[in-house]
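Subject: The two-chain model

Hi,

Here is the structure I said I would pass on. Have a look at it first, then read my notes below.

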Amino acid sequence: MVALMRLLIFGLVALTLLYLGLLWHFRSRRRDRMARDWQEAGRPGDRDAYIAEGMAQYERSLRRKLLWLVYILPVTAVALVIWLTNFN
Amino acid sequence: MIYLKWGWRIVFWTVVVAFLHYTLPQHDIVRITDTYEKRVNPGENALFWSNANTGENVAATERDVFFIQTFRANEKPMIYRNEDTGWGWPPYFKFNTSNLQALAADFTSRRTDETAQWVAIRHYGWRNEFLSIYPNAVALWEVEGPDTRIIPWFNIILLTALGALWWAIRVRWRRFWAKRREPDTDEWAEGRL
């Protein structure tokens, strides 16, 4: 069981780092785009409020939810490999 | 300096290719002649034996390992070991060693048999007589004959994905540094300012 624990713990740490890194990357890209949009739209209203609204939209979006695939895909792949190797 | 640079590159890519060649699955078409079990004592070659933690004590220095003895289509012998990889590396997650051994024993077929039974063996690893290392059999199934062709779809997809990933990182790396490089012209040069 030690080997399984080691795989789970290191896997969880690695995937969490990847998840947080990608989340940070996508959020900062979104923030840059909202700032540019605000400029191009002719500076409507408060800049920070405009960006905050865009970020809130991102948090609700499908793209944001698809980021969970970072966890889902590797776990599915491992389950698939276990099935193919041992039970197929 | 240029020798050092190319020397490092050659060493690096040799290691990468060797690692992939060892780890990725390959297929052989063979005729199984015998299956046996042998006491092994991994020493300097311990890296090439997988002592997976699947319930047994891994601290034991001696253990019995299953082997599958075969002849390939060119009538040259090839011996496979049959060991669990468990939850460790390489990630085949193989736990069914004993079942695979039973299957291998069932396919046994000698040279003198009327019709030879050919099987495909999926394996990873290398056979090296000097180091006493054996490829690890992962799966086997019966095939029509010795010239059956198996298209390595998994390797094609994985190597393409790895190549794409390497390219994506390389392009971004270059772009990152290109932006930060000192400009060739300064404010005193012609055409600037």
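Before we get to the loops, one term: helices and strands here are DSSP runs, at least four residues long for a helix and at least two for a strand, and they are numbered from the N terminus. With that in hand, you can place Pro90(B), which lies in the loop between strand 3 (77-82) and helix 2 of chain B. Keep in mind throughout that this is a predicted model.

Let's stay in that loop for a moment. The peptide bond that runs from Trp89(B) to Pro90(B) is cis, and its omega is near -10 degrees. Phe93(B) also lies in the loop between strand 3 and helix 2 of chain B. Its phi is near 50 degrees, which is positive even though the residue is not glycine.

Glu75(B) is another non-glycine residue with a positive phi, this time about 65 degrees. You'll find Glu75(B) in the loop between strand 2 and strand 3 of chain B. So is Phe93(B) buried or exposed? The cut-offs are 20 or more other C-beta atoms within 10 Å for buried, and 12 or fewer for exposed. Phe93(B) has 23, so it is buried. Glu75(B) has 9, so it is exposed.

Now zoom out to chain B as a whole. It has three helices and five strands, and along the sequence they follow the pattern α-β-β-β-α-β-β-α. The chain is divided into domain 1 (2-150) and domain 2 (152-183), and the C-alpha centres of these two domains lie 32 Å apart. Its radius of gyration is 24 Å, where a compact globule of 193 residues would have one near 16 Å. The C-alpha atoms fill a box of roughly 85 × 40 × 30 Å along the principal axes. Of the 193 residues in chain B, 20% are buried.

Where is the largest nonpolar core? It has 18 residues, and those touching the most other members are Ile68(B), Tyr80(B), Val119(B), Ile121(B), Ala137(B) and Leu140(B). Elements that give two or more residues to this core are strands 1 (26-40), 2 (63-72), 4 (119-124) and 5 (136-142), plus helix 2 (97-106), of chain B. Click on Leu140(B) and you'll see what this looks like: beyond its neighbours within four places in sequence, its contacts include Leu100(B), Leu103(B), Val119(B) and Ile121(B).

Helix 1 (residues 2-23) of chain B is another story. None of its 22 residues is buried, so this helix is hardly covered.

Chain A comes next. It has four helices and zero strands, and 0% of its 88 residues count as buried. A compact globule of that many residues would have a radius of gyration near 12 Å, but chain A has 19 Å. Helix 1 (residues 2-40) of chain A has 39 residues, which at 1.5 Å a residue should span 57 Å, and this agrees with the 56 Å between its end C-alpha atoms. The number of buried residues in this helix is zero, so it lies largely in the open. After helix 1 of chain A comes Gly42(A), with a positive phi near 85 degrees.

Last, how many residues does each chain bring to the contact? Chain B brings 13 residues and chain A brings nine. On the chain B side, these are eight nonpolar, four polar and one charged.

Enjoy exploring!

Notes
Residues numbered from 1 in each chain as written. Chains lettered and ligands numbered in written order. Predicted model: local features only at pLDDT ≥ 70, side-chain atom pairs only at ≥ 80, totals over all residues. Contact = placed C-beta atoms within 7 Å. Nonpolar A, V, L, I, M, F, W, Y, C, P; charged D, E, K, R; others polar. Expected span 1.5 Å × (residues − 1). Domains from an automatic or database assignment. Rg over C-alpha atoms; globule rule 2.2 N^0.38 Å. Core = buried A, V, L, I, M, F, W, Y, C linked by C-beta atoms within 7 Å.
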